[in-house]
Amino acid sequence: TATAKSASTPEMSSTLVALWAALAAQAPDTGAARLAEAMRALNDSLSEVRGAAAAFRADLGQASRELVIARAARVRGRCTGAHGAALQVDRAFASAPYTGATRTARASLERELGELRGALRRCVREHDAGPSYVRADSIKAWGPYRLARLEAAIRRYELAASAYREKARLR
């Protein structure tokens, strides 16, 4: 019986090694997975920003001061959330794999992500009605222009993100 036990050990070891190799090959790179998840969360947040921006622009000419203030607060809140999501993408980049194939796309994405964060910070600042809502008229007048600038930054980020995802083979 001792011989039978010893004879099966090499077979068991090779089976375990083969199983481990198969699992290791299928396991996603956790850095890449974190980055992909952070990018998906940012895309969701940017969709919310776009929705709030569209609601802000709706019948803006006839909107009351109170409605402009409420809509601006919603835009501001969505921009705050998207800025936090953009910071998560930045953090995820630290652990994401870096290869020669992704170098150019990654540099472009990091640049556009920085521009997007700046645009989102401006959005938060520019949609603050201030004490006693003294800036409501300014927000109403400049809101469409400011939101168009924000939308342009979002589009540039999305193009860079799409190119990076393709090069890095992220889902």
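Of the 171 residues in this chain, 35% count as buried. The model is a predicted one, so please read every value below as computed from its atoms. The accessible surface of the chain comes to about 10,200 Å², and 57% of that area belongs to carbon and sulfur atoms.

The secondary structure is quickly told: there are five helices and zero strands. Following the sequence from its start, you will meet the pattern α-α-α-α-α. Contacts in the chain also reach across the sequence: among those between residues at least 6 apart, 77% join residues at least 24 apart.

Let us turn to one helix pair, α3 and α4. Helix α3 covers residues 65–95 and helix α4 covers residues 103–126. Their axes come within 9 Å of each other and cross at roughly 155 degrees. An angle over 145 degrees counts as roughly antiparallel, and α3 and α4 are therefore roughly antiparallel to each other. As for handedness, α3 passes α4 in a left-handed crossing.

Which residues make this contact? On the α3 side they are V75, R76, C79, T80, A82, H83, A86, L87, V89, D90 and F93. On the α4 side they are R106, L109, E110, L113, R117, L120, R121, C123 and V124. Sorted by character, the residues of the contact divide into 12 nonpolar, two polar and six charged. Among the charged ones are R76 and D90 of α3, together with E110 and R117 of α4.

Two single residues are worth a look of their own. D59 is found in the loop between α2 (residues 30–57) and α3. Its backbone has a positive phi of about 40 degrees, although D59 is not a glycine. R103, for its part, is found in helix α4. In space, R103 and A168 are 9.6 Å apart, C-alpha to C-alpha, while 65 residues separate them in sequence.

Are D59 and R103 buried or exposed? Both fall between the two cut-offs, since buried means under 20% relative accessible area and exposed means over 50%. The table gives the value for each residue.

| Residue | Location | Relative accessible area | Class |
|---|---|---|---|
| D59 | loop between α2 and α3 | 46% | partly exposed |
| R103 | helix α4 | 49% | partly exposed |

At 46%, then, D59 counts as partly exposed, and R103 is partly exposed with a relative accessible area of 49%.

Definitions and conventions. Residues numbered from 1 in each chain as written. Predicted model: local features only at pLDDT ≥ 70, side-chain atom pairs only at ≥ 80, totals over all residues. Heavy atoms only, no water. Axes fitted to C-alpha atoms, helices over the stretch in contact; angles between N-to-C directions. Helix = DSSP H or I, 4+ residues; strand = E, 2+ residues; numbered from the N terminus. Parallel < 35°, antiparallel > 145°, perpendicular 65-115°, else oblique. Left-handed = near helix turned anticlockwise from the far one by under 90°. Contact = heavy atoms within 4.5 Å. Buried < 20%, exposed > 50% of the residue type's maximum accessible area, 1.4 Å probe, protein only. Areas by Shrake-Rupley, 256 points an atom, 1.4 Å probe, with all protein chains shown as cover.
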